[in-house]
Amino acid sequence: MKRLSLAIIAAAATLAAFQSAPSLEWAYGYLNPLKPGDAVAPDCSSTSKPFPDCAYPGVPPVADGVLHELPGAAQKFTRIAIYDDFGPADWYPGDHPAMPDIVAHGKREQGARACALCHYPNGQGKMENGGVAGLPAAYILQQLNAFKTGARRSADPRKANTNEMVRIAQLLTDDEAKAAANYFASMKWRPWVKVVESATAPAVRSTVNGLFLSIPDAAPITLGQRIIEVAENPERTDVTRDPHSGFIAYVPVGAIAKGEMLATTDNKKTKQCGTCHGPDLRGKGNIPGIAGRTASYLSRQLWDMKQGTRKSPAMGPAVANLDAEDIVNLVAYAASRMP
């Protein structure tokens, strides 16, 4: 009970901090800033199951028997198979090594869904979660431990899948964590997001977990000082979970050049990103690459670090003087780089 009470207090403090500062709600999959009375992510105490206790209730896929297909895939799958929480469809098994059981199936009895469900078998992931392919194994283990210990949380308390990751990390054995880390580290991160400078973006709707999907035939919306990242092929991402179909990030005009100036020169805002992440931003040693990662994910991480919900001794000072516009520009630049 004491642990749960502390969790509630921490959530309340996070809510207050998020409401008092300019927000990057679009990075978390929301079109409106958090306001009093908004629903937040389900409580996820240490005795909860990651799924379904930590997740928003979604509409289950219809068992209609319809077989879906993707270009070049040898097999066809139903929506039930595609969205199987503990054994999701693997469209392109030739893309990756044999998956460890924790990646392919998770832990059904404990409610830990398969890593491959959200991150895909090839580790590319989607804008509402994280791409993990090509990250150093030691870094992945470090982040799993951060989730486990409470050092990594979401600054926007509406985001449920961060809570789910916390519980999954707590349930993993050391061997399972190492198997998953080594697996995803063994694959290269491939180009996944196209960055487009624009004054407008497609009108979008948000799914329960924060995936932006364009609205057919709707008039474009004013972009303003934000990033709207959408699935390049909405049906192939949302319906069939195509691990070959990436994203388009619409960023403000001039953002890439402004971000490059911040990232590559000495200034009063932050230190040069290449100092730690390598001159090409593809990583260095156990420090992760950030080139070509989804703009939403990068924005969330910088904002979480700035708000103090993701603890990072190295990155804390680097983000302390950044404002929301700086983050937009830095992320536009990093996401536009070739991984």
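Reader: In this predicted model, at what angle do helix 11 and helix 13 pack, and how far apart are their axes?

Author: Helix 11 (residues 295-307) and helix 13 (residues 324-336) pack at an angle of about 140°, and their axes are 9 Å apart.

Reader: Why are helix 11 and helix 13 called oblique to each other?

Author: Angles over 145 degrees count as roughly antiparallel, and 65 to 115 degrees as roughly perpendicular, with oblique kept for what falls outside the named ranges. The angle here is about 140°, and helix 11 and helix 13 are therefore oblique to each other. The crossing of helix 11 past helix 13 is right-handed.

Reader: Which residues make the contact between helix 11 and helix 13?

Author: From helix 11, A295, L298, S299, L302 and W303 meet A324, I327, V331, A334 and A335 of helix 13. By class, the residues of this contact are nine nonpolar, one polar and no charged.

Reader: What makes helix 9 and helix 13 roughly perpendicular to each other?

Author: Helix 9 (residues 255-264) packs with helix 13 at about 95°, the axes being 7 Å apart. The range for roughly perpendicular is 65 to 115 degrees, and the two helices are therefore given that description. On the side of helix 9, the contact is made by A255, I256, K258, G259, E260, L262, A263 and T264, and on the side of helix 13 by E325, D326, N329, L330, A332, Y333 and S336. These residues divide into seven nonpolar, four polar and four charged.

Reader: Why is helix 5 described as roughly perpendicular to helix 6?

Author: The axes of helix 5 (residues 137-149) and helix 6 (residues 160-171) come within 8 Å and cross at roughly 100°. That angle makes helix 5 roughly perpendicular to helix 6, the range being 65 to 115 degrees. L144, F147 and K148 of helix 5 meet T162, M165, V166, A169 and Q170 of helix 6. The contact has five nonpolar, two polar and one charged residues.

Reader: How do you know that the span of helix 5 agrees with what is expected?

Author: At 1.5 Å a residue, its 13 residues should span 18 Å, and the end C-alpha atoms of helix 5 are 18 Å apart, which agrees. Helix 6, with 12 residues, reaches 17 Å from its first C-alpha to its last, close to the expected 16 Å.

Reader: Which residues of helix 5 are buried, and what do they pack against?

Author: The buried residues of helix 5 are A137, Y139, I140, Q143, L144, A146 and F147. They pack against helix 6 and helix 7 (174-185). In helix 6, the buried residues include N161, T162, V166 and A169, and helix 5 is included in what covers the buried residues of helix 6. Just after helix 5, G150 takes a positive phi of about 90°.

Reader: Why does Y120 count as buried, and why does D217 count as exposed?

Author: Buried requires under 20% relative accessible area, and exposed requires over 50%. Y120 has 1% relative accessibility and therefore counts as buried, whereas D217, at 85%, counts as exposed. Y120 is in the loop between helix 4 (115-119) and helix 5, and D217 lies in the loop between strand 4 and strand 5. Neither is a glycine, yet phi is positive in each: about 70° for Y120 and near 65° for D217.

Reader: What makes A218 partly exposed?

Author: Partly exposed lies between the 20% and 50% limits, and A218 has 33% relative accessibility, so A218 is placed in that class. A218 is found in the loop between strand 4 (212-214) and strand 5 (221-222).

Key. Residues are numbered from 1 along each chain as its sequence is written. This is a predicted model: local features need pLDDT of at least 70, side-chain atom pairs count only at pLDDT 80 or more; totals for chains, interfaces and linings use all residues. Side-chain values use heavy atoms; hydrogens and water are left out. Axes are lines fitted to C-alpha atoms, for helices over the stretch in contact, and angles run from 0 to 180 degrees between N-to-C directions. Helices (H or I, at least four residues) and strands (E, at least two) are DSSP runs, numbered from the N terminus. Angles under 35 degrees count as roughly parallel, over 145 as roughly antiparallel, 65 to 115 as roughly perpendicular and the rest as oblique. A crossing is left-handed if the near helix is turned anticlockwise from the far one by less than a right angle, and right-handed if clockwise. Contact means heavy atoms within 4.5 Å. Ala, Val, Leu, Ile, Met, Phe, Trp, Tyr, Cys and Pro count as nonpolar, Asp, Glu, Lys and Arg as charged, and the others, Gly among them, as polar. The expected span of a helix is 1.5 Å times one less than its number of residues. Buried means under 20% relative accessible area, exposed over 50%, partly exposed in between (1.4 Å probe, protein chains only).
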